[in-house]
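Q: I would like to take a close look at a single part of this structure. Please describe the part where two aromatic rings pair, and then place that part among the other local features.

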Amino acid sequence: MTSADHPETRHWLPDGMEDLGVAECWNLLRHEEVGRLAVSIADHPDIFPINYLVDGESIVFRTAAGTKLAASVLGKGVAFEIDGYDAIAGDAWSVVVKGYAREIEHMLEYFDADDLPLFPWHASVKPNIVRLTPELISGRRFHVIEKATLDMPPPDHDKPYMPPD
């Protein structure tokens, strides 16, 4: 059950967005499979799509050696984001997790994580398992307005795009 099921418990922000509680954010995280991992290494930001799994109150993903692994475990912190759209309700939502990632290296923890139903979507070998431990979890939901309510003319797809001056 979510806060959407109980309108009296929903927390609306002044701009019309709903501030999601931590429990609601974890619920959304548990029901998705793909998110984006944001890292920074040598002062260069990067974003990687990853498939993941929630394990307790952490996020686990597999990766091969490379920038994603190095930036995740050597950086000062990471961010992880998922989002979605409920076409029936007309609501869009986003969850952001900020925290620290570490490669799982202790044998027993690795075996436990290796038994999770987390499988790479790409055929390359991904032997490294990384655990993201959150320090901050936040989420928002808002109702998507219809294009007709914007009072804008429809795009003319016959004309080439001209950037503003």
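A: The answer below begins with confidence, turns to the aromatic pair, and then considers a loop and a surface patch.

The model is predicted, and its confidence should be read before its details. The chain has a mean pLDDT of 81, and 79% of its residues reach 70 or more. Confidence varies along the chain: helix α1, residues 22-30, has the highest mean, at 95, whereas strand β1, residues 11-12, has the lowest, at 61. Over residues 1-8 the pLDDT falls below 50. Leaving aside near neighbours in sequence, that stretch makes 11 contacts in the model.

We now come to the rings. When the whole structure is searched, 1 aromatic pair is found. Its members are tyrosine 52 and phenylalanine 80, whose ring centres lie 4.9 Å apart. The planes of the two rings meet at 75°, and because planes over 60 degrees apart count as edge-to-face, the pair is given that name. Tyrosine 52 belongs to the loop between β4 and β5 (53-55), while phenylalanine 80 belongs to strand β7, residues 78-86. The two residues are 28 residues apart, and the pair thus links distant parts of the chain. Tyrosine 52 and phenylalanine 80 are both buried, that is, each has under 20% relative accessible area.

A contrast is offered by the loop between β3 (34-41) and β4 (44-51), where alanine 42 lies. Aspartate 43 is found in that loop too. Alanine 42 has a relative accessibility of 64% and aspartate 43 a relative accessible area of 74%; both count as exposed because the cut-off is over 50%. The backbone here also deserves attention. Most residues other than glycine have a negative phi. Alanine 42, however, has a positive phi, near 55°, and the phi of aspartate 43 is positive as well, near 60°.

Finally, there is a nonpolar patch on the surface, formed by Tyr85, Phe142 and Val144. Together these residues have about 270 Å² of accessible area. Valine 144 is located in the segment after β9, which covers residues 128-143. With a relative accessible area of 30%, valine 144 is described as partly exposed, because that term applies between the limits for buried and exposed.

To return to the part requested, the tyrosine 52 and phenylalanine 80 rings form an edge-to-face pair, and both residues are buried.

How values were computed. Residues are numbered from 1 along each chain as its sequence is written. This is a predicted model: local features need pLDDT of at least 70, side-chain atom pairs count only at pLDDT 80 or more; totals for chains, interfaces and linings use all residues. Side-chain values use heavy atoms; hydrogens and water are left out. Patches are made of residues with over 30% relative accessible area and no salt bridge: like charges are joined within 9 Å, nonpolar side chains (Val, Leu, Ile, Met, Phe, Trp, Tyr) within 5 Å. Accessible areas come from the Shrake-Rupley method with a 1.4 Å probe; for residues, only the protein chains shown count as cover. A salt bridge is a side-chain nitrogen of Lys or Arg within 4 Å of a carboxyl oxygen of Asp or Glu. Helices (H or I, at least four residues) and strands (E, at least two) are DSSP runs, numbered from the N terminus. Buried means under 20% relative accessible area, exposed over 50%, partly exposed in between (1.4 Å probe, protein chains only). pLDDT is the predictor's confidence in each residue, from 0 to 100. Contact means heavy atoms within 4.5 Å. Rings of Phe, Tyr and Trp (its six-membered ring) pair if their centres lie within 6.5 Å; planes under 30 degrees apart count as stacked, over 60 as edge-to-face and the rest as tilted.
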